Amino acid sequence: MTETIAVRAEHLYKVFGRRPQEAVQQLTNGAGRDTTANLGTAAVIDASFDVRTGEIFVVMGLSGSGKSTLIRMLNGLLEPTSGSVTVGGEGISNVPAAKLRAVRRSSISMVFQHFALLPHRTVIDNVAYGLEIQGMSRTQRLEKAARIVELVGLSGWADKLPSQLSGGMQQRVGLARALAADTDVLLMDEAFSALDPLIRREMQEQLLELQAELGKTIIFITHDLNEAMFLGDRIAVMRDGRIVQIGTPEDILTDPANDYVAQFVQDVDRSRVLTASSVMEPARAVVTLSAGPRAALRTMRDVQTSAVFVVGRDRVLAGAVLDRDAIKHVRAGRTDLIAIVDAEVTTVSPDAPLLDLVEPSIGSTLPIAVVDERGRLLGVVPRVTLLAALGNFTQTGELPIIEPAPTVPEVLITDALATEGSAS
């Protein structure tokens, strides 16, 4: 399927001050932010990016990095000093006010940090407010608003005033109002930062659930790296008005573009960001079901391991065979492998967070197998690889030390392979 672009920003600059165009010219020619300070304050400098339809694109940075100024240019609240913004294929920079209002009504809505609810209106009337502005009849808008109120978990609160709600519930109303407008693009400026940590996490999880159901394009502004890593399909990191890196959470964490980004991510909870697919290795100790115990032992000897994974047709994982079982089988003169295949192998999906791999890896004699939705073996995560990926945890002692599993001495494997019998 061809990827479509919901929002495009091209060479955006925003300078507040007496001579903004002159400042842009100097910045374009390589001048620094401090050099042009006498001409104006450069809040955003040469920002360019595309936001794909249906993704959550997070803009992250510390206070003063320019992220809130950037998002306000994306819906026309601020006019760029230079550059352009396109929403749904329509340019919104330097356009008449009437056209800008039409684009906001139909294509882009916003959720604010401090809720911005109308205090004299009930929950359902707040949610329906955007529909009222669009000219929808009262019956229609209340019917639609009621569905959205239920969707965000506010059933039973439709007739309450904002003052009767907790902070988290008020933010749900703000989110519901933006969703009710049914625009393709949703802008969220520090939308959860005013909430306490538990409610904030709950709202983050609900946003992901809503996104999975509704498929909106979301541009989310935050100064919290863990929030960015949790929510973002891709993340743009800003510093001093410039975007210094754009990438997936995994890209940002494992391949930071510079020392600034590296310092930013050093304390991130890697167990919740990295996934099995990001650390898995090719499975080298693998044999097919048609192979015999001797072939299994040879593979174990060659790759210096105590077990092999066994796959069927199309590389579907059938289980594993341990060295001691294969030796007994060979000494008994058996040539079939299926009888000693243990199907109780720990498997995970490629998207499984590393946190989910820690417990099953403890005491296991095998690496964790990574399989796709059809059960095909994609790779493995050995314990040493898992611990290396979670290195920031092992330094603090939060993870137990995992002792290597005992293996059959190699001499016994060699002896078994040397015994007389049918070759397998």
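## Tyrosine 260

Tyrosine 260 has a relative accessibility of 14% and therefore counts as buried, the cut-off being under 20%. This assignment, like the rest of this report, rests on a predicted model. The residue belongs to helix 11, which covers residues 259-265.

Beyond its neighbours within four places in sequence, tyrosine 260 contacts Leu62, Val237, Met238, Arg239 and Val244. For valine 244, which lies 16 residues away along the chain, the C-alpha separation from tyrosine 260 is 8.9 Å.

## The six-stranded sheet

Six strands form an open sheet with mixed pairing, in the order 6-7-8-3-9-10. Strand 6 (108-111) and strand 10 (242-247) each have a single partner strand, so these edge strands are left with one side lacking a neighbour in the sheet. On average, neighbouring strands are turned by 20° against each other, direction ignored.

Strand 3 and strand 9 (residues 234-239) run parallel and are joined by four bridges. Methionine 60 has valine 237 of strand 9 as its bridge partner. Helix 8 packs on this sheet through strand 3, strand 7 and strand 8, and its direction makes about 160° with that of strand 8.

## Helix 8

Helix 8 comprises 18 residues (197-214); its end C-alpha atoms are 25 Å apart, in agreement with the 26 Å expected at 1.5 Å a residue. At its N-terminal end, aspartate 196 acts as a cap, with a side-chain oxygen 3.1 Å from the backbone nitrogen of isoleucine 199. Glycine 215, with a positive phi near 65°, follows the helix.

The buried residues of helix 8 include Arg200, Met203, Leu207 and Gln211. Among the elements covering the buried residues are helix 6 (138-151), helix 7 (167-180) and helix 9 (225-231).

Definitions and conventions: Residues are numbered from 1 along each chain as its sequence is written. This is a predicted model: local features need pLDDT of at least 70, side-chain atom pairs count only at pLDDT 80 or more; totals for chains, interfaces and linings use all residues. Side-chain values use heavy atoms; hydrogens and water are left out. Helices (H or I, at least four residues) and strands (E, at least two) are DSSP runs, numbered from the N terminus. Buried means under 20% relative accessible area, exposed over 50%, partly exposed in between (1.4 Å probe, protein chains only). Contact means heavy atoms within 4.5 Å. The expected span of a helix is 1.5 Å times one less than its number of residues. A polar contact is a pair of N or O atoms within 3.5 Å; within protein, one must be able to donate a hydrogen and the other to accept it, and residues adjacent in sequence count only if both atoms are side-chain atoms. Two strands pair if DSSP finds at least two bridges between them. Axes are lines fitted to C-alpha atoms, for helices over the stretch in contact, and angles run from 0 to 180 degrees between N-to-C directions.
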